[in-house]
Structures are given as C-alpha cells and as structure tokens.
Amino acid sequence: MNQVGHLINGAVVTPEGRQQPVYNPSTGDAHAQVLLASKATVEEAIASAKAAFPAWRNTPASKRARVMFKFKELLEANADEIARLIGLEHGKISHDAMGELQRGIENVEFACYAPELLKGEHSKNVGPGIDSWSEMQPLGVVAGITPFNFPAMVPLWMYPLAIVSGNCFVLKPSERDPSSTLFIAELLHQAGLPAGVLNVVNGDKEAVDSLLTHPDVEAVSFVGSTPIAEYVYQTASAHGKRCQALGGAKNHAIVMPDADMDNAVEALTGAAFGSSGERCMAISVAVAVGEEAANTLVRKLKDRMKTLKVGAYSDSSNDFGPLITVAHQAKVEGYIQSATEEGAVLVVDGRNPSVTDKNGFFVGGTLIDHVKPGMRCYDEEIFGPVLVVVHVDSMQQAMDLIDAHEYGNGTCLFTRDGEAARYFSDNIKVGMVGINVPLPVPVSYHSFGGWKRSLFGDLFAYGPDGVRFYTRRKTITQRWPSSGVREGAQFSFPS
Ligand code: NAD
C-alpha cells in the first residue's frame with residue numbers, strides 16, 4: 001500500500017515507526033498508510049530548518065518572492081492533480097477542491113509581494129545627524145499545525161508568507177488527508193526552494209507536542225478545533241513561543257423579515273451543506289426574525305433541499321461528498337438523534353442518504369427547526385451538513401444570541417435595510433461579518449480570524465496580520481559623528 005512519508009531537508013523520507021491508514025471517505029476503503037513522526041523525526045526536521053535559516057534569511061526578499069512566483073505557476077499547472085488528491089482523501093467534489101486551491105493560490109500571490117511588505121519604515125534626521133528605521137526581521141524556525149478540512153488552503157495561509165519573510169518552516173498537516181499537502185510542498189521545492197526551508201512532518205499528538213516544546217521553534221500557527229487550539233496556545237506560550245491558534249465555530253446567519261428570501265435560501269443552502277458542512281465558516285444556525293420569516297424560510301429550505309445531490313468526490317455533478325471518517329459520521333448522526341430527543345423538530349433527516357456506495361461516510365443535508373440554546377445541536381460545533389433554525393422576535397434578540405455563544409468566527413445578516421446592516425456589523429461580537437454574504441472569508445490581502453473562543457492569540461492569519469506574526473520589528477537609531485567632534489556625557493533623557 002502507498003506510504004505517505006515526511007519531507008525533510010528537501011527529500012521525502014519514510015523512517016520505520018508508527019503509521020495509520022488514510023481512507024477514501026467516498027468508498028470507506030483505506031488507500032494509503034501515513035507515517036506518524038516520532039519526536040526524533042520532528043527534531044530532525046527542526047534541525048534542518050535551523051540549518052537552512054542563516055542563508056535563507058540573507059537571501060534578498062525579491063529572490064525569495066521569485067520562488068513564490070514559480071510556485072504559483074506550478075500550483076496552477078497541477079491544479080487537477082491537487083484537486084483529485086484532496087477529493088480522494090477529504091471527499092470534496094472537484095469544483096469545491098478547485099475553489100479551496102484558488103484561495104490558497106491567492107495567499108501565494110500575496111506572498112509574492114514580500115519586498116514591498118518587508119520594506120519597513122525610515123526617518124531621516126530624528127535628531128541632529130541621527131537617522132532611525134524599523135525593519136521586519138524573520139523569527140527563525142516557525143511551525144504550522146493544520147486541520148483536515150482544507151488540506152491545501154490552510155497550509156498555504158501559513159508557510160508562503162512565513163518563508164517569504166525569511167523564516168524556515170516545519171509543517172504538521174492533518175494525518176487524515178496528508179497527500180495533497182505533501183504533493184504541494186514538493187512543488188515548492190520544484191519551484192527552487194532550497195532544502196530545509198520547508199519541512200513537512202506527518203503525525204499526531206507526539207509530533208505536535210515535539211514542536212510545541214522544542215526550544216528552537218520560535219512561533220506556532222495552529223488551525224483546528226477549539227479544545228486543541230486552546231491546548232496548543234497554552235503549551236506553546238508556556239514554552240516561550242509566539243502563538244496564534246484558530247479554533248472552531250458555530251456561525252449564525254440572521255434572516256430578517258425584509259430579506260430577499262429566495263436569495264437567502266440559495267445562499268444558506270450552499271453555506272450550510274457545501275463541503276458537507278466541514279468548513280469553519282459554514283453557516284450552521286439560521287436565526288429567523290419573526291414567525292412569518294421563520295415559516296417561509298423553513299418551507300423554502302425544505303423544498304430546496306429535495307434537489308441536493310450527495311455522493312462520491314469523483315462525480316462533479318454532486319453538490320457535496322462524504323464526511324471525513326466513519327467516526328465523524330457517527331458523531332454527526334448522534335447530534336441529529338439528540339435534537340429529536342431534546343424536543344427540536346427534524347424537518348429533513350439526512351441519515352441514510354441514497355448514495356451508490358453504502359460504505360462511504362455519507363450524511364445528507366439535514367434541517368432541524370425550533371432549536372434552542374441548551375440543546376447540544378445548538379451549543380456545540382457539529383461540523384456536518386446540518387442546519388438548525390432558531391426563532392426570535394427581533395434583530396437585537398438574534399444578536400444577543402450570537403454574542404452569548406462561545407464561538408465568534410463568522411456571521412451573516414440577510415436584509416435589505418442598510419441601517420440594520422450597519423448596526424449589526426458595528427456591534428456584533430464576531431471576527432468576520434457578511435451582509436448578504438454567507439461565507440465572508442477575507443481575501444488574502446486582508447486577514448482571517450474569529451473572536452471569543454474561535455481564536456487564541458491576538459493576530460489573525462495571513463494578510464497584513466500574517467506579516468506581523470512571522471516577523472519581529474527592530475528599530476535602529478544611527479549616528480555617524482563628524483571626526484574630531486567631542487561631546488560630553490548627557491545626563492538628561494535624549495530629546
Ligand atoms: P483537530 O483539532 O482535531 O486537528 C487539528 C490538528 O491538531 C491536526 O493536525 C491534528 O493532528 C492535531 N491534533 C489533534 N488532536 C491533537 C492533540 N490531542 N494534541 C495535539 N495535536 C492534536 O481539527 P480537525 O478535526 O482536523 O479540523 C476541524 C476543526 O478545525 C473544526 O473545529 C473547525 O472549525 C476547525 N477549523 C477552524 C478554522 C479557523 O480558521 N478557525 C479553519 C479550519 C478548521
């Protein structure tokens with residue numbers, strides 16, 4: 001069976017040790033074995049990054065950016081193969097995988113802008129004959145730990161910007177769908193990246209803990225579920241590292257009585273069920289304002305969901321594919337069961353959808369009405385194709401509900417009222433806000449992140465915050481006294 005190894009110092013290695021199967025979730029078959037890095041293997045990757053750092057840090061930013069230009073071309077030339085690998089191991093349909101890849105490529109495009117981003121600031125004559133400037137220096141070895149649901153895009157949020165800023169990187173992708181991530185990292189080497197600048201170690205908690213506690217790792221970017229994000233943030237911080245840890249979500253969309261209901265239904269259907277709801281920006285709660293809006297919304301969603309097509313990644317006419325593992329399928333089905341037991345109304349039950357391969361990890365689109373806080377399907381992140389509907393009487397009530405939730409990643413308001421939209425975006429306690437835009441994922445030249453327990457740390461991912469995260473500011477003040485001029489000691493504070 002195919003083995004997925006590690007990429008260390010420019011070469012794929014397959015040391016002896018623990019391993020686990022990688023599944024094709026569309027069929028339920030194991031198609032490969034992924035190696036799980038030991039502490040020693042992670043230390044080897046860190047050592048390789050550390051050795052590459054002095055030369056890479058002193059490589060002109062324009063030269064580093066040129067590698068990124070070439071990398072972008074290779075990503076585009078290999079898009080079909082990348083989408084196939086994503087689909088094979090994640091289950092995403094090719095149109096969705098292509099969308100993910102495109103958003104990743106946009107982060108590479110942003111990284112191509114490095115010479116401009118790293119220019120720093122300069123002031124001449126801050127005092128007599130004194131010049132001062134601030135520069136953005138790389139940190140050294142930085143690590144990234146990524147989730148299964150965007151095996152191409154989320155790593156591309158991290159290492160292109162980190163590397164182009166002069167750092168060397170160790171990536172620990174999700175062990176559940178590692179092949180597209182590894183393939184992409186190999187393309188970066190084909191683009192001319194020197195060995196050791198990017199290393200990829202596959203693995204689980206042992207690999208993560210080795211990165212979080214190693215003295216040579218200066219900073220850690222993490223994206224994944226909230227309990228692990230909190231653990232990573234606390235452990236990395238306790239070991240003196242800079243850390244940004246992006247966590248889970250429960251994204252609410254408010255549907256106002258004045259909303260264009262047909263467009264809202266289309267938008268919600270894509271945002272709730274696309275990628276099987278395995279997106280941290282998926283809409284998982286619709287909050288309808290007023291009984292009439294709620295009843296219209298549920299009726300129209302139910303009708304729309306009759307045409308949803310769920311099935312294997314390889315059939316591009318499908319709307320969405322399977323869940324990532326059989327265990328996750330069981331977990332999502334458990335939430336659907338709990339909703340009925342807790343008194344909610346199951347309008348569309350996606351369990352046992354009609355699919356050709358019964359061994360695939362499929363759950364169809366599910367709609368649950370009359371959901372309330374306190375029910376498990378409301379309080380917890382389901383991460384499946386399940387949309388719950390909550391009824392409220394006013395927009396303020398809807399906003400209070402969102403603000404009271406532990407997560408604050410994304411949200412959206414469907415309305416035709418500009419004043420309401422402005423009030424909402426100004427006051428809601430959520431990091432990414434859409435107005436009639438259900439998935440307000442920021443473009444690569446802005447930054448991505450949530451509030452509350454959706455983000456631990458203070459800087460968002462990629463874009464301008466990414467540059468700040470992967471660099472350290474140094475401010476230099478310089479004077480070249482004229483020869484022969486003597487000055488006495490100054491005891492007052494320089495001004
Ligand atoms: P996960 O937290 O299970 O895994 C993420 C990473 O952490 C993986 O690389 C995994 O190997 C590692 N990991 C898992 N358990 C660990 C442990 N006990 N100790 C140390 N490391 C561990 O997340 P997932 O299931 O791969 O991804 C789905 C989650 O990620 C969802 O909660 C989703 O909302 C979240 N997510 C968030 C964002 C965001 O930007 N906020 C983006 C994508 C996904």
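Aromatic pairs, then: the count in this predicted model comes to eight. Take Phe148 and Phe383. Their ring centres are 5.9 Å apart and the planes stand at 90°, so this pair is edge-to-face. In sequence the two are 235 residues apart. Phe148 sits in the loop between strand 8 (141–145) and helix 6 (153–164), while Phe383 is in the loop between helix 13 (376–379) and strand 17 (386–392). Both Phe148 and Phe383 are buried.

Next, Trp157 and Phe448. Here the ring centres lie 4.5 Å apart with the planes at 40°, so the pair counts as tilted. Trp157 belongs to helix 6 and Phe448 to the loop between strand 20 (432–435) and strand 21 (451–452), so the contact ties together parts 291 residues apart in sequence. Trp157 is buried at a relative accessible area of 4%, and Phe448 is buried too, at 2%. Tyr462 joins them: ring pairs link Trp157, Phe448 and Tyr462 into a cluster.

On to the cysteines. How many disulfides are there? The count is zero. For Cys168, the nearest cysteine sulfur is that of Cys112, 18 Å away. Cys168 is in no disulfide, and its relative accessible area is 0%, which makes it buried. And why is there no bond from Cys412 to Cys280? The Cys280 sulfur is the closest cysteine sulfur to that of Cys412, but at 15 Å it is too far for a bond, because a disulfide needs the two sulfur atoms within 2.5 Å. Cys412 also counts as buried, with 0% relative accessibility.

Terms used: Residues numbered from 1 in each chain as written. Predicted model: local features only at pLDDT ≥ 70, side-chain atom pairs only at ≥ 80, totals over all residues. Heavy atoms only, no water. Phe/Tyr/Trp six-rings, centres within 6.5 Å; stacked < 30°, edge-to-face > 60°. Helix = DSSP H or I, 4+ residues; strand = E, 2+ residues; numbered from the N terminus. Buried < 20%, exposed > 50% of the residue type's maximum accessible area, 1.4 Å probe, protein only.
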